[in-house]
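Reader: I would like a close look at one residue and at the chain that holds it. Keep it brisk, please.

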Amino acid sequence: MTEEKTHHPEPSYLVDTGKYKGLMAWLTSTDHKRIGLMYMYAIMVFFSVGVILGVLMRMELYWPGQQIYGPQAYNGIFTIHGIIMIFTVVIPGLAAVFGNFSLPLMIGAKDVAFPRLNLFSFYLYVLGAAIALASQFMGNGPPDTGWTFYAPYSIQTQTNVVAAVFGAFVLGFSSILTGLNFIVTMHRMRAPGMTFFKMPLFPWSLYATAWIQVLATPIVGITLLMIIAERWLRIGFFDPSLGGDPILYQHLFWIYSHPAVYIMILPAMGVITEIIPTFALRRIFGYKAIAISSLAIASVGYFVWAHHMYTSGMSTTARWVFSLLTFLVAVPSAIKVFNWVTTMYKGSISVKPPFLFALGFIFLFMIGGMTGLSLGALATNIHVHDTAYVVAHFHYIVFGGVGFAFFAAIYYWYPKMYGRMYNIKMANWSFVFLFTGFNLLYFPQFIIGMMGMPRRYFDYLPQFTFGHQLSFWGGILLVIGFVIMLITLFSKKGAKAPDNPWGGRTFEWNIPSPPPVENFDIMPELGVNEGPYDYK
Amino acid sequence: MGASNFVEGVDLAFKIIFGISLFFLVGITTVMLYFVYRYNRKRHPQAVQIKDNNFLEFTWITVPLILVLLMFYYGYVAFSPMRNVPKDAIPITVIGKMWVWTFEYEGGKQSPVLVVPLNKAVKLNLHSDDVIHSLYIPAFRIKEDVVPGKKNYMWFIAQQPGEYDVLCTVYCGLRHSYMETKTRVVSEEEYAAWLKALPEKSAEPDGLVILKKNACTGCHSIDGSKIVSTSFKGLYGKTEKVVTNGTERSITVDDEYIMTSVYDPDKDLVVGYPKGLMKTYRGIVTEDEMNKVIDYLKTIK
Ligand code: HEM
Ligand SMILES: [Cu+2]
Ligand SMILES: [Cu+2]
């Protein structure tokens, strides 16, 4: 991974300057930019595995009845698909990759506050992912509980649940430590003159995210340990046959896992908030509203978890209170959408791949969010809860939202990361396939969900066949788009990238591409009357 | 008229929520695409730096807030009757068990399909024998989880005669997707006649009752068909190839083998089945009960 020197006297971070060379130099590096890239490679690999598993499910579901494998295999596949996609792809996701790569650059810092802790988090991530994957090959076969590990099934099944749960537990620590690191970084290491309300909005979104990571993740950690304890020691927390309460499990699980949705989506919103001003050459509209809405989402988001449990037999009071709170948390997301669109008004817009993906994000995220409204309302939730409608809804949020924002972010910061451009035409084609494929894959799931197709079904009634078949073909288009994207990014070296290829205003665009090891040789500053998005 | 008394309210809530959403989705997307076109760098080389506008921010906080509160309201209004069961509702106990639904009527009579009279309130008392299931009747727009150790319930009035799907929506293991049956809505007279003709529960031999109660019949059929595992029909006395401690051997199915298979299922595994597919029933089915089961198995040659 060597690069010729830029015009800059300092060597780029891609050049090995330490005691090791090559792979070892990467694996031992505490440079936030290298760690960010390592997360990116790991996440791309896991994402690819998850996609293959997704397509395997779609193949099995092409016709009713058994096609290529049996129900036990299907149950194992949707479980590990969910575990991989949630715990190793979208939860670390944008925060781990671009929080690491871009955050210090954007606030004018030389690194994160605790570089070695940062590398340690990366290794915890690798370890946790390895344990979760090992669950597939050890013990009594792959876990078959779904990524939610609902008790008492997760206590009673003979499959290898403990390994998967322990993997998720370790991954949780990686997330907590990353969050902690970012909070301290943002409090202590902002450039002179950069007050909190002059910080760019991607860092703002990471700030809100980091608090959720630190405060909510321990709860799921404890809950997962309780599952292990219950399985080994037969304690009786959750399993009624041991005297436990299965609904308690659901509460504990969702107290984390609902805020976790915001761990995934907030950084995605942050990325979009950076991309739109850059490609419209316009200051962001509603800076404060966007910053505060991130905090609002992070805080109100704690109090809506039981909307996953409307049918569990909770009291009517609990049901309507959680429904009301759920609707309140919808508003800050809407605010962001309005501000993004208004930022385009009277801008000077250049539709480059990152911007195209940002547009895709806004559209898909709106569909995901709006279909969430009928999941938040009581009467309608009862009908579509735990059906294919939910499968479509959360894929629109986590894949259409987080996934597309992730692709947008890669296309956006790629020139900064590698000092190279990519082929813009190819990148646009990847969008066409990903976007079309995505909608063809998941939109039919809304419809068959409304018709009554339950989720986690290996086999189904004949009236749902057509919807599943459309989904399969959508999946194929999507995979083609993903392969085009990988080829565009990683097949050959593009032309040399300028320091600021898109006309961005945040600090990372004032330094060489790729950045030198220490990021800045003259520390950047914000003047009294300067904001983060000032265009002349 | 809807298939149940809840259809109208639920569908109205859907229409309101989808209607408002569609309006905003189309509106915002159109405006966004128009901006991208109109202010494209080719047509609009110089961006205008526009200041924040508190009035706009205020508007797009309050308008969505009002709209979502409206959605909440319609969702609540259509939902709250689902929790208020009329006093005269016919009680039926639903037993969810891996992976069959059983409906128990007054007097303990059991049926694998849910038969209900037209235009009469019916209350379903939900009972699970093992893990969580969820009873879902899409045509009626109702669903409630069947949680072991918890007394959940649901109710409805069927308003259209016909046959409707009944499904399980909480993942409950291997054959979750096969945990489905029908509900049949019939006239009151038909219902009375059907209920009368429904055989008393005790008509089944003890052994079979035990097999059903523990959901053995979810995987092992009694009619020779293959569900998950071997069928019970003709099993007793048959020669089976099994794997014991990694070595294959032939055995004859006798009392002892059946006992081992139930209490220590992975010890002698029938060739072709993975470990862990069946859990042990030690502490769940007593030896006494097992003897009755064996007596019954001897009868279905
Ligand atoms: C080509 C891409 C993908 C395909 C074809 C796909 C397909 C599927 C299918 C068929 C299911 C099972 C639904 C069911 O049985 O009810 C599923 C579940 C799921 N998917 Fe995906 N998916 C894809 C990408 C993703 C991505 C990118 C994410 C997250 C970032 C994701 C997260 C999940 C989760 C959390 C579940 C639920 C697992 C569970 O029920 O335990 N998927 N997906
Ligand atoms: Cu949630
Ligand atoms: Cu089920």
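Author: Start with helices and strands: both are DSSP runs numbered from the N terminus, helices being H or I runs of at least four residues and strands E runs of at least two. By that rule, Trp429(A) sits in helix H15 of chain A, which covers residues 424–451. This is a predicted model, so local features need pLDDT of at least 70 and side-chain atom pairs pLDDT 80 or more, while totals for chains, interfaces and linings use all residues. Residues are numbered from 1 along each chain as its sequence is written, chains are lettered from A and ligands numbered from 1 in written order.

Is Trp429(A) buried, exposed or in between? Burial is a count of other C-beta atoms, placed from the backbone, within 10 Å of the residue's own: 20 or more means buried, 12 or fewer exposed, and anything in between partly exposed. Trp429(A) has 17 such neighbours, so it is partly exposed. Tyr150(A) gives a distance for scale. From Trp429(A) to Tyr150(A) is 279 residues in sequence and 41 Å in space, C-alpha to C-alpha.

Now the chain around it. Chain A has 16 helices and zero strands. Its C-alpha trace spans about 70 × 50 × 45 Å along the principal axes. Of its 536 residues, 60% are buried. The radius of gyration, taken over C-alpha atoms, is compared with a globule rule of 2.2 Å times the number of residues to the power 0.38. Chain A has 23 Å, which agrees with the value near 24 Å for a compact globule of 536 residues.

Next, contacts. Two residues are in contact if their C-beta atoms, placed from the backbone, lie within 7 Å. In chain A, among contacts between residues at least 6 apart in sequence, 83% join residues at least 24 apart. Across to the partner, 74 residues of chain A are in contact with 73 of chain B. On the chain A side, the largest share comes from H11(A), with 13 residues.

Last, the ligand. A residue counts as near if its C-beta atom, placed from the backbone, lies within 6 Å. Ligand 1 has 28 residues around it; Gly54(A), Gly82(A), Met85(A), Gly146(A) and Arg455(A) come nearest. The largest share of this shell is eight residues from H3(A). Helices H2 (32–60), H3 (71–90), H14 (388–418) and H16 (465–490) of chain A each supply at least two.
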